Amino acid sequence: MIEHTYIRGVGSYLPARVLTNEQLSETVDTSDEWIRARTGIMQRHIAAEGQNTSDLGYRAACEALDDAGMEAGDIDLIVVATSTPDLTFPSTATIIQERLGIRNGAAFDVQAVCTGFIYALTVADAMIRTGKNSNVLVIGAETFSRILDWNDRTTCVLFGDGAGAMVLSSTPSKAENAGKGIMNTFIRSDGRHKDLLYVDGGPSSTQTVGKLRMAGNQVFRHAVKELSDSMVQCAAGVDIAIPDIDWFVPHQANQRILEAVAKRLDLRRGQVVSTVAYHANTSAASIPLALDVAIRDGRIKRGHKIMLEAFGGGFTWGAALLDY
Ligand code: UT7
């Protein structure tokens, strides 16, 4: 059993087109004021016509490989977290595998909606530590703009498109990083709440893709509680106290959720990485996107302890503690 899964590189990609609240309010009955006050969102990125989830994921993967100083050929597993795959099948992971020119190993998708990245990280960590794989590309990639009802103001203002990726490895890039990496992960779900956040279509039920539906208020309440609890449990599992953690990189759904969770755990405002104003909710992509921003702007450094957390449809939720 390998003791640690190392984080070798992180990358992300956002499509070029930006849709501001002002622009949205020209087509939907909403306002910049309402969206900012209730969510903290100012804008979102939207994939271009013909630009698919695999295109975003591929770009993020190339950035992460570059950051890791590794070649695509070094990768022996790709796990893609997405709820907006290019096709019902094959998996978006195999499409990205082909694009990267990888002929070895395996590739598959994981579907846990906004918690997808934490689930994918958990699977990748287990595959590395049990010796099944050596170098794993974990990608969160989404084009939620394709499953939104653009006439429903209660949901269409909340989401955006994007992708983030992480290269995980059984060996550290430098000797001084030995002993660092994924410290613990924690995942949970409760299917009794499946009707509070869902897509009203699918290949088996309606033979359509469907549109996103959400009872926002109820999702909000569950999210604040489960996010706080999962971080406490994830940290306690490895005897780390919440005040010993340097950074919190949450799923970016709503600034008010970030603040409510921070208050419950007594976190300092400056410790919580927030990109929701610029990216909106990019579902499984939101954590690696936010992490990449904070690494590249110099806030997060090697040796820092980072807590990731997410909540989404299902409900699903979870957390991951990293020694970066
Ligand atoms: O990533 C997965 C997890 N997802 C989440 O965590 C989302 C969780 N939920 C939320 O973030 C919030 O519940 C929302 C942002 C979705 C909604 O905020 P809220 O403070 O819970 O508002 P509300 O749903 O209670 O709606 C308040 C009012 C309603 O009007 P009435 O009934 O009071 O007259 C809505 O119709 O705001 C109205 N409203 C809007 N007004 C302008 C809802 N959406 C809009 C809008 N523009 N876009």
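**View 1. The residues that surround the ligand in this predicted model.** Of the 23 residues around the ligand, those that come nearest are T30, R38, N217, N254 and N281. When the residues of this shell are sorted by character, eleven of them are nonpolar, eight are polar and four are charged.

**View 2. Polar contacts between the ligand and the protein.** In the side chain of T30, an N or O atom lies 2.7 Å from a nitrogen atom of the ligand, while the side chain of W34 has an N or O atom 3.2 Å from an oxygen atom of the ligand. At R153 the backbone takes part, with one of its N or O atoms placed 2.8 Å from a nitrogen atom of the ligand. The ligand taken alone would expose 960 Å², and the protein buries 74% of that area.

**View 3. The pocket and the helices around the ligand.** The ligand takes up the space of the second largest pocket. Two or more residues of the shell around the ligand are given by each of helix 2 (32-39), helix 6 (153-156), helix 7 (216-236) and helix 8 (255-264). Among these elements, helix 7 supplies the largest share of the shell, namely four residues.

**View 4. The ligand in relation to the two domains.** Because domain 1 (6-169) and domain 2 (181-323) both give residues to the shell around the ligand, the ligand lies between these domains.

Technical notes: Residues are numbered from 1 along each chain as its sequence is written. This is a predicted model: local features need pLDDT of at least 70, side-chain atom pairs count only at pLDDT 80 or more; totals for chains, interfaces and linings use all residues. Side-chain values use heavy atoms; hydrogens and water are left out. A residue is near a molecule or strand if one of its heavy atoms lies within 4 Å of it. A polar contact is a pair of N or O atoms within 3.5 Å; within protein, one must be able to donate a hydrogen and the other to accept it, and residues adjacent in sequence count only if both atoms are side-chain atoms. Accessible areas come from the Shrake-Rupley method with a 1.4 Å probe; for residues, only the protein chains shown count as cover. On a 1 Å grid over the protein atoms alone, a cavity is a set of points where a 1.4 Å probe fits but cannot get out, and a pocket is an open set with protein on both sides within 12 Å along at least five of seven lines; lining residues have an atom within 4 Å of a point. A molecule sits in a cavity or pocket if more than half of its atoms lie within 2 Å of its grid points. Ala, Val, Leu, Ile, Met, Phe, Trp, Tyr, Cys and Pro count as nonpolar, Asp, Glu, Lys and Arg as charged, and the others, Gly among them, as polar. Domain bounds come from an automatic or database domain assignment.
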